[in-house]
Amino acid sequence: MTTDAAASSLSVPDDERPRAPRGVNDRPKVTRVVSAQVSVGARISEIWRSRELLVNLVRTEIKVKYKNSALGLVWSMISPAMTLAIFWLVFGFILKNGIPNFVIFLFSGLLFWNFFQGGVQSATGVIVGRAGIVKKVAFPREILAISSMGTSAVFLFFQTIVLILFMAVLQTAPDWSLLPLLIPALLATTVLGVAFGIALSAWNVHLRDMQHLIEVVMTAWFWACPIVYSFWNTVHKTLGPKHLTFLYLLNPMTPIILTSQRVLYAHPVIQPTTGGPPVQILPPWSAWTYLGMDMALLVVGIGLFFVALWIFGRLEGNFAEEL
Amino acid sequence: MAEVAVSIEDVSKRFRLYHERGTSLKERLVNRKDVRYTDLWALDHVSFEVAEGETVGILGHNGSGKSTLLKCVCGVLQPTSGQVVVRGKLAGLLELGAGFQAELSGRDNIYLNGSMLGLSKAEVDEVYEDIVEFAELEQFIDNQVKFYSSGMYVRLGFAVAVNVDPDILVIDEVLAVGDERFQRKCLDRIRQFQEMGRTIIFVSHSPDQVRSVCDRAVVLNEGVLIGMGSPGEAVRTFRESLLEADEAEIAEQDANTVAAEEAGDDEVTAELPPHERPIRIGEVSVHYPGDDERPYLESRQPVQIHVGYVATEPIDGALFALEIYGPRGGLLVKTDTDILGEHFDVEAGEGEVIFSFDSWTFMDGAYTAAAGIRSRLGGMTYDWREGAAQFEVLYQGRASGLVNLPLEAMHRAKDIDQKELT
């Protein structure tokens, strides 16, 4: 028995205890409130405070994903490269669409799509998947959904390297003057992905269908984006310039993918490899139009982000019970 | 009074227990109107404050809501109503090693866990060596955590939590695991924390651990705060609530026994239902000089334990047994009237058997007595009562340990001449 005699006696009053605070009580302290409703503002500041955790989560997620695999991160390049190869084969040689350097066209669209789709899809299952820590450790849970987007961003980085290699090999260049347009496009994709991811991750806790549903939705969504086909030449021509095209453009990924294609593929008008007159494949918009669309999406994305945080906050209270 | 570190304000937590509730969309839609659930209030308007630098224990039996309360304090669960205000950095050990990722190495897990507790990489770098050293995992730190033994897991978890320098440390029944040496190390670290003026919220299965570590304790029973005060008081409240629960259970068992017998089960059972027992334990009380003035006896004072009985018929050769348990639950005394050479028969009516100790040579703590009545020959137990009486012992001196034996020290210098001779 190692009981300190003084500490266990009943009659010694607390304040007579030999206890000397050594100045730690003076250091700055953050006050945290745990209650049923936490305001969106408080959530954002919590998330901001946990940014190091975000980095760590992304790092460990990638580490775990490629643990014990010989090729490691190379796999993150191999699988999109495979998709690319298949589409390239099908549309470049079998169903000839006549777009020269089709692989670059395809890749420039796929890049942003993969970033968005990969992030949102893994975010959907992330709270359920990480139930172990969600039930035991306190931290802003939104970080988990954001980290899925972060992991996807790392893959985006590696895929960009592959794209650069392709461009070097095929000797094509991006439209250097428009290159800055990629920044708002990237920001908009990130914010949208984070917003969707946060909301879906919370819904999925209560309704596990979400995970499967999102897979189906994503497949449909992919074909609703002008990635394997050209916007101007196909969609615009078929749907006409008015309402239907406008509807099509409501798909938030469309303007982003168009921006990416405009910048990276850089040829709005092409000379088809199948012969014939030049064809307009990308919209003849000015840089300002692209910028305006991307900025609008960014604003919408930020709005959705707040909505997502609000939804998340409503559902979060029951996570520990439902998991 | 120091500032408030943790303030629990009217916290309630409701758990909805659904009966086979579907989590798929189809089931939701099909069973939409037919939501069957029962509400369970794990916490019911609990309020108390923990001052800075204080160590508060939370006592309660299983399902009393203490873990739920801790989860609310840590922020893992959100209360249904009310709020918890936490001032300062909080590190919680809700379950040791929770939040570790099996696939990652110990090193990676330290960094991940550190950042979950709100530390920057640089801050973790600073304490990294201490963590590894405390956990005694130098050799294994680069191995994946999934290869760790449960003891290693526990050590790493505790090491991270105590080394990240929190203002408030929340510990949930974690000292029950790990070997004795590590437990001691943890307790030492907890003491060190206390001396540094940190706040600790401590949940333990062992009331005596609470008694030895905490300044104050609260008792929860079915989500309701039923007691708050000095550890001694709280432990008593806790024990009482346990006894009540036990009695309810015994009553239920008794009912079952009666039902079994009525069903034609003629086998003679040693444990008779209370109303059929020929002799039962009455009041058990503890007496010592000055017991009407002080709620505790001083070490080395004489003490008497009176075991009262109520007999409905004469008993030939009744045997009264006494057991006394120490503050840590260990058995200190086990004796009976037979061993003590006292043989007697009991007439119908009431009476008592008095066990007298000349001097209670044990030190501080709460001692619990259990009493029983058996037949001397047949081995039949008429009645047995755990926790029949409890008494506090106060030791005024400064020594520590378990036993307060007559002891003195003397000094004798060795004669120099003598030394030279030898």
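A residue is buried if 20 or more other C-beta atoms lie within 10 Å of its own, exposed if 12 or fewer, and partly exposed in between. By this rule B:A409 is exposed, because 4 other C-beta atoms lie within 10 Å of its own. The structure described here is a predicted model.

**The two chains**

Chain A contains 15 helices and 3 strands. Chain B contains 9 helices and 18 strands. Buried residues account for 41% of the 323 residues in chain A, and 41% of the 422 residues of chain B count as buried.

Contacts in chain A between residues at least 6 apart in sequence join residues at least 24 apart in 83% of cases. In chain B, 72% of the contacts with a separation of 6 or more are between residues 24 or more positions apart.

The overall dimensions of chain A are also available. Its C-alpha atoms fill a box of roughly 100 × 45 × 40 Å along the principal axes. The radius of gyration of chain A is 25 Å, whereas a compact globule of 323 residues would have one near 20 Å.

**Domains of chain B**

The domain assignment divides chain B into domain 1 (4-88 + 167-236) and domain 2 (274-394). Between them, 5 residues of domain 1 are in contact with 7 residues of domain 2. On the side of domain 1 that touches domain 2, α7 (207-213) and α8 (231-262) of chain B each supply at least two residues. The most comes from α8(B), with 3 residues.

**A strand with partners in both chains**

Strand β4 (residues 81-87) of chain B pairs with strand β1 (residues 31-35) of chain A in the antiparallel sense, over 5 bridges. Within this pairing, B:V85 of β4(B) stands opposite A:V33. Strand β1 (residues 4-18) of chain B also pairs with β4(B), again in the antiparallel sense and over 5 bridges. Here B:V86 in β4(B) is the bridge partner of B:V6.

**Helix α6 of chain B and its surroundings**

Helix α6 of chain B covers residues 180-195, which is 16 residues. From its first C-alpha to its last it reaches 23 Å, close to the 22 Å expected at 1.5 Å a residue.

Which residues of α6(B) are buried? They are B:C186, B:I190, B:F193 and B:Q194. These residues lie on the same side of α6(B), because they cover an arc of only 100 degrees around the axis. The other side of α6(B) has B:R181, B:D188 and B:Q192, which are exposed. After α6(B) comes B:G197, with a positive phi near 80 degrees.

One of the buried residues of the helix, B:F193, is touched by B:L169. B:L169 is in strand β6 (residues 168-172) of chain B. It counts as buried because it has 24 C-beta neighbours inside 10 Å. Leaving aside residues up to four places away in sequence, B:L169 also touches B:A91, B:A161, B:V162, B:R198 and B:I200. B:A159 is 10 residues away from B:L169 along the chain, and their C-alpha atoms are separated by 12 Å.

**Loop residues**

Most residues other than glycine have a negative phi. A:Q171 and B:D165 both have positive values, near 55 degrees for A:Q171 and about 60 degrees for B:D165. The table gives the loops in which these two residues and B:A409 are found.

| Residue | Loop between | C-beta neighbours within 10 Å | Class |
|---|---|---|---|
| A:Q171 | α8 (142-170) and α9 (182-206) of chain A | 7 | exposed |
| B:D165 | α5 (150-163) and β6 of chain B | 19 | partly exposed |
| B:A409 | β18 (381-394) and α9 (416-421) of chain B | 4 | exposed |

Why does B:D165 count as partly exposed? It has 19 C-beta neighbours inside 10 Å, and a residue needs 20 or more to be buried. A:Q171 counts as exposed because it has 7 such neighbours. B:A409 can also be placed relative to B:F147, which is 262 residues away along the chain. The C-alpha atoms of B:A409 and B:F147 are separated by 52 Å.

Key:
Residues are numbered from 1 along each chain as its sequence is written. Chains are lettered from A and ligands numbered from 1 in the order in which they are written. This is a predicted model: local features need pLDDT of at least 70, side-chain atom pairs count only at pLDDT 80 or more; totals for chains, interfaces and linings use all residues. Two strands pair if DSSP finds at least two bridges between them. The expected span of a helix is 1.5 Å times one less than its number of residues. The arc is that of the directions from the helix axis to the C-beta atoms. The radius of gyration is taken over C-alpha atoms; the globule rule is 2.2 Å times the number of residues to the power 0.38. Two residues are in contact if their C-beta atoms, placed from the backbone, lie within 7 Å. Domain bounds come from an automatic or database domain assignment.
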